[in-house]
Amino acid sequence: MSKISIIGAGFVGATAAYVLAMKDLVDEVALVDILAKPTEGKALDIYEATGVFGLDVKVKGGDDYALIDGSDVVVITAGVPRKAGQSRDDVLAINAKIMKDVVAKVKKHTPDAVLLIVSNPLDAMTYLAAKESGYDKKKVIGMAGTLDTTRYKTFISEKASVSPRKIDAMVLGGHGDLMVPLSRHAFVEGKPLSKVLDAETITAIEERTKHGGAEIVKLLGNGSAYFAVGGAIYEVLHALLTDSDKPVPVSAWLTGQYGLQDIFLGVPCLLGKDGVEKVVELELADDELAALQHSGKSVKELTQELEKL
Ligand code: APR
């Protein structure tokens, strides 16, 4: 039996629950939010959709944290999304308050679960969840790299006219403008990206990836992305539950890897049922390593802001 719970049943949480149920990864999905009835309604709606595809997934929702008992992973998406013109860092104070409230309740019900953090600013919220929960830091993970990477791969796929399935690429670093798309480690049908697209096109794709979230915020007018986010959450959960041997970019606790420590930052990790099994250290070129360390410095500064709240 496997069970995933999602705290925060807004656009991101409900979409993640829907993707999770439709992909038939687990036996049970629980959705919890401060809004009891709408959350119960969303869960029931998703549960009724399982009939279309003949899936044996139970989906429940409400405001009672007893619903999450027995979860393997608890995904936290509670928090306000940024608005047009705001950066993810602008919602630090309000989301920190929400994260503290949620983690205090989660740890009473699921002391052994892995926590997958989605609320922004992502790397700082992951740090806060680890601190407030007191869980082994390997069991606390932030989801952003799979989202940034799917954006990167989609834009490469569009320009190269090749299915995203045939593209290998990864985005590391903090979930913000300083994220690091690794073009030297990107391959299209096994060929280096630089042999498939010209330098100007690659730079344009990287810039679009870095500002991919802001592009959606501007178009939506009110709120931030959730469809690609729901899929990217699924990708991490799939790796966690299936002990995948393929490195997945997630925000993980660093203890010296890439010359960085005492922060959560996006790096490739091998994941398993107990969280991060190993941080994979890629051979980065000097400029890539410098960009990752620059991103890490900015995440550390934001994390230090938490102490002042
Ligand atoms: N406990 C539980 N749920 C809460 C709490 C709380 N203390 N505070 C807020 N929520 C719930 C809200 O009731 C709402 O249903 O969190 C949900 C947030 O949903 P949306 O406003 O739709 O925001 P969403 O787009 O889902 O984004 C949520 O994910 O990607 C990030 O930046 C995004 O931080 C934001 C988060």
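How much accessible surface does the protein chain have, and what percentage of that surface belongs to carbon and sulfur atoms? The accessible surface comes to about 14300 Å², and carbon and sulfur atoms account for 52% of it. This structure is a predicted model, and the report below moves from the whole chain to two of its helices, and then to single residues.

## The chain as a whole

The protein chain contains 10 helices and 14 strands. Its radius of gyration is 19 Å, close to the 19 Å that the globule rule gives for 309 residues, so the chain is as compact as a globular protein of that length. Measured out along the principal axes, the C-alpha trace spans about 50 × 50 × 40 Å. Of the 309 residues, 53% count as buried, and among the contacts with a separation of 6 or more, 70% are made by residues that stand 24 or more positions apart. The chain carries 35 positive and 43 negative side chains, and the centres of these two sets lie 2 Å apart.

## Helices α4 and α9

Two helices can be set beside the span that their number of residues leads one to expect, and the table gives the values for each.

| Helix | Residues | Expected span | Distance between end C-alpha atoms |
|---|---|---|---|
| α4 | 122-133 (12 residues) | 16 Å | 16 Å |
| α9 | 227-242 (16 residues) | 22 Å | 23 Å |

For α4 the end-to-end distance agrees with the expected span, and agreement is likewise found for α9.

Helix α4 is mostly covered, with 10 of its 12 residues buried. These buried residues are Leu122, Asp123, Ala124, Met125, Thr126, Tyr127, Leu128, Ala129, Ala130 and Ser133. Which elements do the buried residues of α4 pack against? They pack against two helices and four strands, namely α3 (92-109) and α10 on the one hand, and β5 (114-117), β6 (140-142), β12 (248-255) and β13 (261-272) on the other. After α4 comes Gly134, whose phi is positive, near 75°.

In α9 the buried residues include Val229, Gly230, Ala232, Ile233 and Tyr234, and further along the helix Val236, Leu237, Ala239 and Leu240 are buried as well. This helix is followed by Asp243, which has a positive phi near 50°.

## Backbone angles that stand out

Most residues other than glycine have a negative phi, and most peptide bonds are trans. Against that background, a few places in this chain deserve attention. The peptide bond from Asn120 to Pro121 is cis, with omega near -5°, and Pro121 lies in the loop between β5 and α4.

Asp243, although it is not a glycine, has a positive phi of about 50°; this residue lies in the loop between α9 and β12. Is Asp262, which also has a positive phi, placed in a helix or in a strand? Asp262 lies in strand β13, and its phi is near 60°, a positive value in a residue other than glycine. With a relative accessible area of 41%, Asp243 counts as partly exposed, and Asp262, at 44%, is partly exposed too.

## Three residues in helices

Thr39 is found in helix α2 (residues 36-53). Its relative accessibility is 1%, and Thr39 therefore counts as buried, the cut-off being under 20%. Leaving aside residues up to four places away in sequence, Thr39 touches Ala9, Leu31, Val32, Asp33, Gly61 and Gly62.

Lys153 has its place in helix α5 (residues 145-160). Is this lysine, Lys153, buried or exposed? Lys153 is buried, because its relative accessible area of 18% falls under the cut-off of 20%. When residues up to four places away in sequence are not counted, Lys153 touches Pro164, Ile167 and Ala169. Lys153 and Gln257 are 104 residues apart in sequence, and their C-alpha atoms are 25 Å apart in space.

Ser298 is found in helix α10, which covers residues 286-308. Its relative accessible area is 31%, and Ser298 is therefore partly exposed, a class that lies between the cut-offs of 20% and 50%. The C-alpha atoms of Ser298 and Val106 are separated by 29 Å, and the two residues are 192 residues apart along the chain.

Terms used:
Residues numbered from 1 in each chain as written. Predicted model: local features only at pLDDT ≥ 70, side-chain atom pairs only at ≥ 80, totals over all residues. Heavy atoms only, no water. Rg over C-alpha atoms; globule rule 2.2 N^0.38 Å. Buried < 20%, exposed > 50% of the residue type's maximum accessible area, 1.4 Å probe, protein only. Contact = heavy atoms within 4.5 Å. Areas by Shrake-Rupley, 256 points an atom, 1.4 Å probe, with all protein chains shown as cover. Lys, Arg positive; Asp, Glu negative; His and termini not counted. Charge placed at Lys NZ, Arg CZ, Asp CG, Glu CD. Expected span 1.5 Å × (residues − 1).
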